[in-house]
Amino acid sequence: MAIVTFDINDFKKLDIPIEDIEKALVAIGIEIEERGASEIKLSITPNRPDLLDFIGLKRAVESFREKRLPKGDLYKIDGGPALEIKVTKEVKMVRPYIAGLVVKNADLSGNMLKYLINFTEKFADTYGRKRKKLAIGLHNLHAIKGNIIYTASNDEKFIPLNSQKEMSFSEIIEGHEKGREYGETVKERGRGKEIYPYIKDDEKILAMIPIINCDATKVTEKTRDLFIDIAGTSLKTIREAAALLACSFIYAGAEVRPVTVSYPGGNETTPELNYDEIKINMKKVDRALGIDTGRHNVITLANRMGYVAAKLGGAVVFYVPPFRLDVLNEQDIAEDIAIAYGYDRIVPVPVIGTAEGLASEEYELENRLAQLMTGLGYTEAVNSVLTNERIHFENVNIDPKTINYVKIAEAKTSNITMLRFGLVPGLLQNLADSKRERMPQKLFEIGRVFSMNKDKIVEGIQISVVSEHSRANFAEMRAVYDQILKFLGKEKCAFEVFEMPGFMINGRHVIVKDGDSMLGGFGEVHPDVLNNFGLEEPVVAGGLEIVRQVKYDA
């Protein structure tokens, strides 16, 4: 959640009673953290980045209260490109993509500039993963001379924002507050020198991305015309950010002009404001929600959530505006219809059944095994089954091409691209996240893992264990496994030395076999893997199958 503070007086200008505004905010899914005499603090859910900005909040409240209903032709851009950004090959290895837009006749008076800057910071911290995925720069358009070049270098000089002293890139990284905070997000060590992306015009450097802008293009409350750059590692993400910003300025009454981005392999124009169309059978939605929206009433409900909608035969077509980055399919539409209808109006229906609910045998086994591990001094971790190849394979030096794992089709983010194949990589990431805590760190997890067998998804339940401290060794994990196997009634399992080069230390890793079946293995983690996760103490780790795997169609 992102906590954002707004001035109460700005909400009072909406010509809606403040009590009704607060009710609308809560209904939309925004938590009011604190309301004082002059300020209101709101907790914004991460899946609605459009609400991090005051204009976005204003738009949502006005739609919900039916003060200003959405129009299909509102979000459009007239006129040709106002600027060109030429991208050089040097940025490919650090931050390869950039988008831009030009805004004219913007109103940044009062609190509007503060809200805009706060939005870019919050958006970059949440949606942009603390500027690792994207960062946004604001510039006074009239201070830019000519077109813009996006390139990278190991060291250049310019005067940073709110400074009078010229500094080199290396000086900013080492001595500037923003350099120390965000420098690690763009360092590229593959060529022997660290290189940093930046944009420049015909006369000067405009920004060291994603660290800090130059002082010459500083934006003030009197600035009316802006150039905004969005640079990042994901082309899709920066396009979405440019569309979101453009929609906010258009809604506020400003004029938005596109920018041409010239890559070495071709050109594109940003932003693009396209509406997605989602066709829904409302009978299915009504049945799922337990309500009767009515074919005519559903259009009003859609308008209240910012959609333009139209009846098409027995269905309804929803036109998703460009700023709704969270809407992916009809389930998201159904959720918004429920919000607009009012959860308090949905009458609970008792679940009719004749069977008594009981814990499954698998659950009972997992619960007893968790009690055993707690008694052995281990702390339980619970990680998501969704992960990515970097954590799951690259960091443990395993070639993903050798593993039949379950990939996520059309993944929306690079952080979630697969279902986990095992539990150990997630536990190593837990150790990395808590490396400043007191040693020893001893964790276990019991959970589901997935793999592919031809066209079948194979699902099973494993237990994995990790221990990190200065004296962690093979014997420690062997003692733990003896206890686990005794609990499972598999004391006669055999241990065989098995090499996992790059993941486990040679000669210090074994597999556990029950007859001809391999149940798992454990050993001492290779130093290269420890370095990949930033771990400084020795680690022993292992995984073991506790429930036989089942198969189902992919």
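**Exercise 1. How many bridges join β1 to strand β3, and in which sense do the two strands run?**

Solution. Work on the predicted model shown above.

Step 1. Locate strand β3 at residues 39-44. Six bridges join β1 to this strand, and the two run antiparallel.

Step 2. Check one facing pair. Asp7 stands opposite Glu39 in β3.

Step 3. Place the pair of strands in the sheet. Three strands form an open sheet, ordered β1-β3-β2, with antiparallel pairing. β1 (2-7) and β2 (31-35) stand at the edges. Each has a single partner strand, so one side of each is left without a neighbour in the sheet.

Step 4. Add the twist. From one strand to the next, the twist averages 25 degrees.

**Exercise 2. Identify the helix that packs on this sheet, and describe its buried residues.**

Solution.

Step 1. The helix is α2 (residues 18-28), which packs on the sheet and touches β2 and β3. The direction of α2 makes about 140 degrees with that of β2.

Step 2. List the buried residues of α2. They are Ile18, Asp20, Ile21, Glu22, Ala24, Leu25 and Ile28. Note that Asp20 and Glu22 are on that list.

Step 3. Find their packing partners. The buried residues of α2 pack against α1 (8-12), β2, β3, α3 (54-64) and α10 (330-341).

Step 4. Look at what follows the helix. Gly29 comes after α2, and the phi of Gly29 is positive, near 115 degrees.

**Exercise 3. Describe the sheet that contains β16, β17 and β18.**

Solution.

Step 1. Set out the order. This open sheet of three strands reads β16-β18-β17, and its pairing is antiparallel.

Step 2. Name the edges. β16 (276-280) and β17 (308-312) are the edge strands, and each pairs on one side only. The twist averages 25 degrees from one strand to the next.

Step 3. Follow one pairing. β17 and strand β18 (residues 315-320) pair in the antiparallel sense over five bridges. Within this sheet, Ala310 stands opposite Val317 in β18.

Step 4. Add the helix. α9 (residues 297-304) lies across β17 and β18. Helix α9 runs at about 160 degrees to β17.

**Exercise 4. Is Asp225 buried or exposed, and which side chain of opposite charge is nearest?**

Solution.

Step 1. Locate the residue. Asp225 sits in the loop between β12 (212-213) and β13 (226-232).

Step 2. Check burial and charge pairing. Asp225 is buried but has no salt bridge. The nearest side chain of opposite charge is Lys104, 5.9 Å away. The cut-off for a salt bridge is within 4 Å.

Step 3. Look for a polar partner instead. The backbone nitrogen of Asn105 lies 3.0 Å from a polar atom of the Asp225 side chain.

Step 4. List the surroundings. Leaving out residues up to four places away in sequence, Asp225 touches Val103, Lys104, Asn105, His139, Asn140, Leu141 and His142.

**Exercise 5. Trace salt bridges that join separate strands, and give the burial of their partners.**

Solution.

Step 1. Start with the total. The count comes to 20 salt bridges.

Step 2. Take Glu459 and Arg448. Their side chains meet in a salt bridge at 2.8 Å, N to O. Glu459 lies in strand β23 (residues 456-468) and Arg448 in strand β22 (residues 441-453), so the pair ties together parts eleven residues apart in sequence. Glu459 is buried, with a relative accessible area of 17%. Arg448, at 32% relative accessibility, counts as partly exposed.

Step 3. Take Lys513 and Glu496. In this salt bridge the closest N and O atoms are 4.0 Å apart. Lys513 is in strand β25 (residues 504-514) and Glu496 in strand β24 (residues 494-497), 17 residues apart. Glu496 counts as partly exposed, at 37% relative accessibility.

Step 4. Take Glu524 and Arg508. Their closest N and O atoms are 2.9 Å apart, and they form a salt bridge. Glu524 is in strand β26 (residues 517-525) and Arg508 in strand β25, 16 residues apart. Glu524 counts as buried at 14% relative accessibility. Arg508 counts as partly exposed at 34%.

**Exercise 6. Which residues are linked in a network of salt bridges?**

Solution. The network links Arg48, Asp50, Arg324, Asp326 and Asp336. As background, side chains of opposite charge can pair when their charged atoms come close.

Key: Residues numbered from 1 in each chain as written. Predicted model: local features only at pLDDT ≥ 70, side-chain atom pairs only at ≥ 80, totals over all residues. Heavy atoms only, no water. Helix = DSSP H or I, 4+ residues; strand = E, 2+ residues; numbered from the N terminus. Buried < 20%, exposed > 50% of the residue type's maximum accessible area, 1.4 Å probe, protein only. Lys, Arg positive; Asp, Glu negative; His and termini not counted. Polar contact = N/O pair within 3.5 Å; in protein donor to acceptor, adjacent residues only side chain to side chain. Contact = heavy atoms within 4.5 Å. Pairing = 2+ DSSP bridges. Axes fitted to C-alpha atoms, helices over the stretch in contact; angles between N-to-C directions.
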